[in-house]
Amino acid sequence: MVLLDEALARFVAGSATPPDVVQRDLAAATAEAFPDLVGMQVSAEQGALLTLLARVTAARLIIEVGTFTGYSTLCLARGLAPGGRVVACEIDPKPLEIARSHWERAGIADRIDVRLGDAKETLRALPLDEPVDLAFVDADKAGYPDYVTELRRRLSPRGLIVLDNMLWGGKVLDEEQVHSDPDTGALARLGAQLAADEQLVSVLLPLRDGITLVCPRP
């Protein structure tokens, strides 16, 4: 859900680096194959932000929790430092058919390591001595606190965690939703906990449905 009005949303989207032909084709293929789930795919401006963040962090190891058809994965992989890789955690193999074909077209398939299964188990199995430079979380919202816990244990001193949908269509302001809906409650509580954590620096960007950036405090 876009919380800006339509005109401002178009202006923000138009102010970002536009998607290339592979990204446009991937977005179109997603809309055709999963018309009811197309909102799960990041927007073009979010994708541009992910590439930018991967580059400015000089990321060599990126963890993605929630891959879907791989648009965000493609954007992250394009920002990797030489020799880097993206570990993409996804529970559903079907959307990956679209993802892999477009990763091949983009020439970045060899930088992506797909891990099928429960992302919590995947994260727990990652070595503690291999620092994560950048993590992008866009999966089941009730699972966010567990994902953040596992990622923090592995985050490099200059690492960054990126959390999507932290505004959750504005429902995080609805006290009834916060108390009755597990997803809304998890996001609202996590946002407050991250902001209050003295070991972290956290900021919520009102881009699309809200993106929170978290890094260790210097």
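Start by selecting Leu8. Leu8 is partly exposed, because its relative accessible area is 45%, and partly exposed covers the range between under 20% and over 50%. Keep in mind that this is a predicted model. Leu8 sits in helix α1, which covers residues 6-14.

Now add Leu4 and Phe11 to the selection. Together with Leu8, Leu4 and Phe11 make a nonpolar surface patch of about 300 Å².

**Next stop: Glu90**

Select Glu90, in strand β2 (residues 85-90). Is Glu90 buried or exposed? Glu90 is buried. Look for a charged partner. Glu90 has no salt bridge. Its nearest side chain of opposite charge is Arg100, 10 Å away.

What does the side chain of Glu90 reach? Show backbone atoms and find Phe68. The side chain of Glu90 reaches the backbone nitrogen of Phe68 at 2.8 Å.

Then show the surroundings. Leaving aside residues up to four places away in sequence, Glu90 touches Gly66, Thr67 and Phe68. Glu90 also touches Leu96, Arg115, Leu116 and Gly117.

**Last stop: Ser101**

Move to helix α5, residues 96-106, and select Ser101 there. Ser101 counts as partly exposed because its relative accessibility is 37%.

Zoom in on the side chain of Ser101. One of its polar atoms lies 3.0 Å from the backbone oxygen of Ile98.

Finally, select Leu26 as well. How far apart are Ser101 and Leu26 in sequence and in space? In sequence, Ser101 and Leu26 are 75 residues apart. In space, the two are 9.1 Å apart, C-alpha to C-alpha.

Methods. Residues are numbered from 1 along each chain as its sequence is written. This is a predicted model: local features need pLDDT of at least 70, side-chain atom pairs count only at pLDDT 80 or more; totals for chains, interfaces and linings use all residues. Side-chain values use heavy atoms; hydrogens and water are left out. Patches are made of residues with over 30% relative accessible area and no salt bridge: like charges are joined within 9 Å, nonpolar side chains (Val, Leu, Ile, Met, Phe, Trp, Tyr) within 5 Å. Accessible areas come from the Shrake-Rupley method with a 1.4 Å probe; for residues, only the protein chains shown count as cover. A salt bridge is a side-chain nitrogen of Lys or Arg within 4 Å of a carboxyl oxygen of Asp or Glu. Helices (H or I, at least four residues) and strands (E, at least two) are DSSP runs, numbered from the N terminus. Buried means under 20% relative accessible area, exposed over 50%, partly exposed in between (1.4 Å probe, protein chains only). Lys and Arg count as positive and Asp and Glu as negative; His and the chain ends are not counted. A polar contact is a pair of N or O atoms within 3.5 Å; within protein, one must be able to donate a hydrogen and the other to accept it, and residues adjacent in sequence count only if both atoms are side-chain atoms. Contact means heavy atoms within 4.5 Å.
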